[in-house]
Amino acid sequence: MIRIAALPAAILTAAFALVFANSAFAEDLKIGDAAPAFAVTGIDGQEYSLEDLSKDVDVVVVCFTCSGCPVAQAYEERLIEFNKKYQDKKVAFVAVNSNNATENLEGMKSRAKDKGYNFLYAFDASGKTAESYGAKVTPEFFIIHKGKVAYHGAFDDKQKEPTESYVGNAVDALLTGDAPKVAETKAFGCGIKKAK
Amino acid sequence: MILKPPAISICVSARAISWVGLVCVLCGCEPGAVDSKSAAPGAPNVVSVGPPAVRIADRAELDRVIATHRGKVVLVDFWATWCGPCVQQFPHSVALSSANPDHLAVISVSMDEAEDLERVQRFLQSQNAEFEHLLSKYGVGQEGFEAFAIDDGSIPHYQIYDRDGVLRHKLQDSTKLASLVDALLRLEPAE
């Protein structure tokens with residue numbers, strides 16, 4: 001027997017299933033694990049690999065983010081400040097957008113222009129970069145030092161009036177040859193929306 | 001702590017009715033949403049037309065609220081106005097609550113900032129969500145996700161407790177809620 005009343009629910013189910021198509025993630029990277037290689041497309045149209053980014057720097061900061069998430073948006077200004085602060089240090093920074101179900105390079109270009117991004121913003125069109133890092137939310141940070149994951153988690157402790165800059169502290173420690181005191185925190189934000 | 005946002009509460013005094021027939025007294029009962037369910041016995045009849053009451057809560061408060069529903073299955077819906085999928089999926093929780101009024105308690109926990117209270121209330125009102133609503137005291141940040149044990153750091157996030165108050169499921173996908181709740185509803189409490 002076909003229950004007509006069940007049909008709207010079935011349609012809703014299908015719609016939500018699309019939103020949550022990305023439940024399969026690679027096993028999470030651990031601190032000290034080798035950083036997986038990746039190649040992403042910058043909003044300038046160029047390809048950037050982890051290898052390229054690692055040249056002549058001691059630290060690579062990989063920030064999984066996107067244009068549409070309000071939490072990610074709340075961090076844009078902090079990312080700009082971070083990049084101003086570290087532009088003359090041996091630090092490379094890339095903001096990777098893996099929301100290939102909902103975003104595209106054109107939208108990213110206009111977001112970067114409107115907000116005055118001073119850092120590399122790149123599209124992970126296949127979503128493989130997020131998958132290989134086990135990134136789940138935006139914004140979520142990985143700091144890579146000598147090819148290994150040295151920090152994973154949030155940028156700081158809270159969106160409003162943060163008291164501790166985890167990424168800043170970790171980068172400072174690494175630049176002076178120390179291991180970050182806090183190497184792992186919980187990233188919080190919007191789920192990364194990858195296409196099936 | 002109960003936050004009291006601006007709202008219009010129409011209080012009808014029983015004595016006034018008996019005296020002049022029908023007199024509506026627009027009371028200046030403290031500005032705020034008055035939840036008729038939480039009104040003390042014997043209090044004047046209060047009709048709330050304001051937004052739903054939302055309490056700022058920490059983890060201990062959530063645990064306390066869950067404990068008040070012992071004997072029922074409890075679904076906790078962690079959401080935020082800034083979270084698109086949460087807002088999209090919220091009707092699932094409302095529908096489950098309406099379908100199982102006697103055996104399921106739904107609690108919403110907004111992970112917004114406290115200053116976004118009015119936006120939270122507007123949304124809850126638009127959903128006709130007639131269950132208990134909490135607003136995380138932690139704001140948007142690591143502390144809140146850790147306090148509420150939202151392991152993957154993102155919402156929507158659901159936690160389902162059985163009739164004995166034991167956490168049985170954590171999930172992100174609202175399409176699985178109904179079957180998980182149904183299965184727990186079929187279990188008798190241990191005590």
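**Entry 1: contacts within chain B.** I began with chain B of this predicted model. Of the contacts there between residues at least 6 apart in sequence, 70% join residues at least 24 apart. I then looked up the secondary structure and found six helices and nine strands in chain B. Of the 191 residues in chain B, 37% are buried.

**Entry 2: confidence.** I noted an ipTM of 0.73 and a pTM of 0.77 for the model. For chain B, I read a mean pLDDT of 81, with 74% of its residues at 70 or more. Residues 1-46 of chain B have pLDDT below 50, yet this stretch has 68 contacts in the model beyond near neighbours in sequence. I leave those contacts without further interpretation, because predicted coordinates should not be read in detail where pLDDT is low.

**Entry 3: the contact between the chains.** How many residues does each chain bring to the contact? I recorded 21 residues from chain A and 19 residues from chain B. On the side of chain A that touches chain B, the elements giving two or more residues are helix 1 (6-19), helix 3 (70-74) and strand 9 (189-191). Helix 1 of chain A supplies the largest share of that side, four residues. By class, I listed 11 nonpolar, five polar and five charged residues on the side of chain A that touches chain B.

**Entry 4: strand pairing across the chains.** I followed strand 9 of chain A further and found two bridges joining it to strand 7 of chain B (residues 154-155). The two strands run parallel. For A:C190, I identified B:I155 as the bridge partner in strand 7 of chain B.

**Entry 5: helix 5 of chain A.** Which residues of helix 5 (residues 105-115) of chain A are buried? I found A:M108, A:R111 and A:A112. Viewed down the axis of helix 5 of chain A, these buried residues fall within an arc of 95°, so they line one face of the helix. The spacing agrees with the general rule that an α-helix has 3.6 residues a turn, so residues three or four places apart point the same way. I then checked the other side of helix 5 of chain A, where A:E106, A:S110, A:K113 and A:D114 are exposed.

I next asked what covers the buried residues of helix 5 of chain A. The cover includes strand 4 (91-97) and strand 5 (120-123) of chain A. Lastly, I looked just after helix 5 of chain A, where A:G116 takes a positive phi of about 70°.

Conventions
Residues are numbered from 1 along each chain as its sequence is written. Chains are lettered from A and ligands numbered from 1 in the order in which they are written. This is a predicted model: local features need pLDDT of at least 70, side-chain atom pairs count only at pLDDT 80 or more; totals for chains, interfaces and linings use all residues. pLDDT is the predictor's confidence in each residue, from 0 to 100. Two residues are in contact if their C-beta atoms, placed from the backbone, lie within 7 Å. A residue is buried if 20 or more other C-beta atoms lie within 10 Å of its own, exposed if 12 or fewer, and partly exposed in between; C-beta atoms are placed from the backbone. The arc is that of the directions from the helix axis to the C-beta atoms. Ala, Val, Leu, Ile, Met, Phe, Trp, Tyr, Cys and Pro count as nonpolar, Asp, Glu, Lys and Arg as charged, and the others, Gly among them, as polar. Two strands pair if DSSP finds at least two bridges between them.
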